Amino acid sequence: MPTYPKLVLLVDDGPNERILFEMAGKKAGVTYELRHAIDGVEAVDYLKGEGQYGDRAKYPFPDLVILDVNMPRMTGFEVLAWIRGHPDLRQLTVIMWTSSSHEEDVRRAYGLLANSYLVKPLSLVVLVDMVRMIDTYWLKLNLLPRVLTPDTLRAKP
């Protein structure tokens, strides 16, 4: 099983959600490093290694992306479609993270090849359990391919 440090990119426009997710991770004792993007445009820049994210030593490529669905400028669905549209990124694990439990959103996410769809819990206790399960299943038990991003990603649409 790979032993390299794991990195999770949480993409959520809500500062409170980002803080709560990070707090839950600390309470759960997760082993991954957490990075944030405040919307879909910033997430794409991070994944492409562009702009402020150009230094991969400072901003390593994530092993797992957790995407909020409803965000300004670029929705989680649009980011997911962008990720799945790039052959170099198709194997990147993406979890949709949203307050919506609408069947049409669930279907759309899986239609765009999301790996999982989680509804944000209202309780911090439940969030801690959820974050612990994400760490345990997706980053410890489940074998993930190491997604390598060549410089050619920057030139792709």
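User: Arg73 is found in the loop between S3 and H3. Why is Arg73 called exposed?

Analyst: Happy to go through it, bearing in mind that this is a predicted model. The relative accessible area of Arg73 is 61%. Exposed means over 50%, so Arg73 earns the label with its 61%. The backbone of this loop residue has another feature: phi of Arg73 is near 70°, which is positive although the residue is not glycine.

User: What makes Leu113 exposed?

Analyst: The reasoning runs the same way. Leu113 has a relative accessible area of 54%, and the cut-off for exposed is over 50%, so the label applies. Leu113 sits in the loop between H4 and S5. Its phi is positive too, near 75°, in a residue other than glycine.

User: How many helices and strands are there in the protein chain, and in what order do the elements run from the N terminus on?

Analyst: The chain has five helices and five strands. Starting at the N terminus, the order is β-α-β-α-β-α-β-α-β-α. As for burial, 48% of its 157 residues count as buried.

User: What makes the contact between Lys120 and Asp12 a salt bridge?

Analyst: The partners and the distance. A nitrogen of the Lys120 side chain and an oxygen of the Asp12 side chain are 2.8 Å apart. The rule asks for a side-chain nitrogen of Lys or Arg within 4 Å of a carboxyl oxygen of Asp or Glu, so this pair qualifies at 2.8 Å. In general, side chains of opposite charge can pair when their charged atoms come close.

User: Which parts does the pair of Lys120 and Asp12 tie together?

Analyst: Lys120 belongs to the loop between strand S5 (116-119) and helix H5 (124-141), and Asp12 to the loop between strand S1 (7-11) and helix H1 (15-28), so the salt bridge ties together parts that are 108 residues apart in sequence. Both Lys120 and Asp12 are buried. They are also linked with Asp68 in a network of salt bridges. By this rule the count comes to nine salt bridges.

User: Why does the pair of Lys48 and Glu50 count as a salt bridge, and are the two residues buried or exposed?

Analyst: The closest N and O atoms of Lys48 and Glu50 are 3.7 Å apart. With a limit of within 4 Å, the pair therefore counts. On accessibility, Lys48 comes to 17%, and buried means under 20%, so Lys48 is buried. Glu50 comes to 25%; that falls between the cut-offs of 20% and 50%, so Glu50 is partly exposed.

User: What makes Lys140 partly exposed and Asp135 buried?

Analyst: Lys140 has a relative accessible area of 31%, which lies between 20% and 50%, so partly exposed is the right term. Asp135 stands at 3%, which is under 20%, so Asp135 is buried. The two form a salt bridge, with their closest N and O atoms 3.1 Å apart.

User: Why are H2 and H3 called roughly parallel?

Analyst: Helix H2 (residues 40-48) and helix H3 (residues 76-84) pack at an angle of about 25°, and their axes are 9 Å apart. Angles under 35 degrees count as roughly parallel, so the term fits this pair. The crossing of H2 past H3 is right-handed.

User: Which residues meet where H2 packs on H3?

Analyst: From H2 come Gly40, Ala43, Val44, Leu47 and Lys48, and from H3 come Val79, Trp82 and Ile83. The contact divides into six nonpolar residues, one polar and one charged. Gly counts as polar and Lys as charged, so Gly40 and Lys48 fill those two places.

User: What makes H3 mostly covered?

Analyst: Seven of the nine residues of H3 are buried: Gly76, Phe77, Val79, Leu80, Trp82, Ile83 and Arg84. These buried residues pack against H2, strand S3 (64-68), strand S4 (93-98) and helix H4 (103-111).

User: Which residues does Leu118 touch?

Analyst: Leu118, in strand S5, touches Ile95, Met96, Trp97, Thr98, Met130 and Ile134, leaving aside residues up to four places away in sequence. Ile95 is 23 residues from Leu118 along the chain, with 7.2 Å between their C-alpha atoms.

Notes:
Residues numbered from 1 in each chain as written. Predicted model: local features only at pLDDT ≥ 70, side-chain atom pairs only at ≥ 80, totals over all residues. Heavy atoms only, no water. Helix = DSSP H or I, 4+ residues; strand = E, 2+ residues; numbered from the N terminus. Buried < 20%, exposed > 50% of the residue type's maximum accessible area, 1.4 Å probe, protein only. Axes fitted to C-alpha atoms, helices over the stretch in contact; angles between N-to-C directions. Parallel < 35°, antiparallel > 145°, perpendicular 65-115°, else oblique. Left-handed = near helix turned anticlockwise from the far one by under 90°. Contact = heavy atoms within 4.5 Å.
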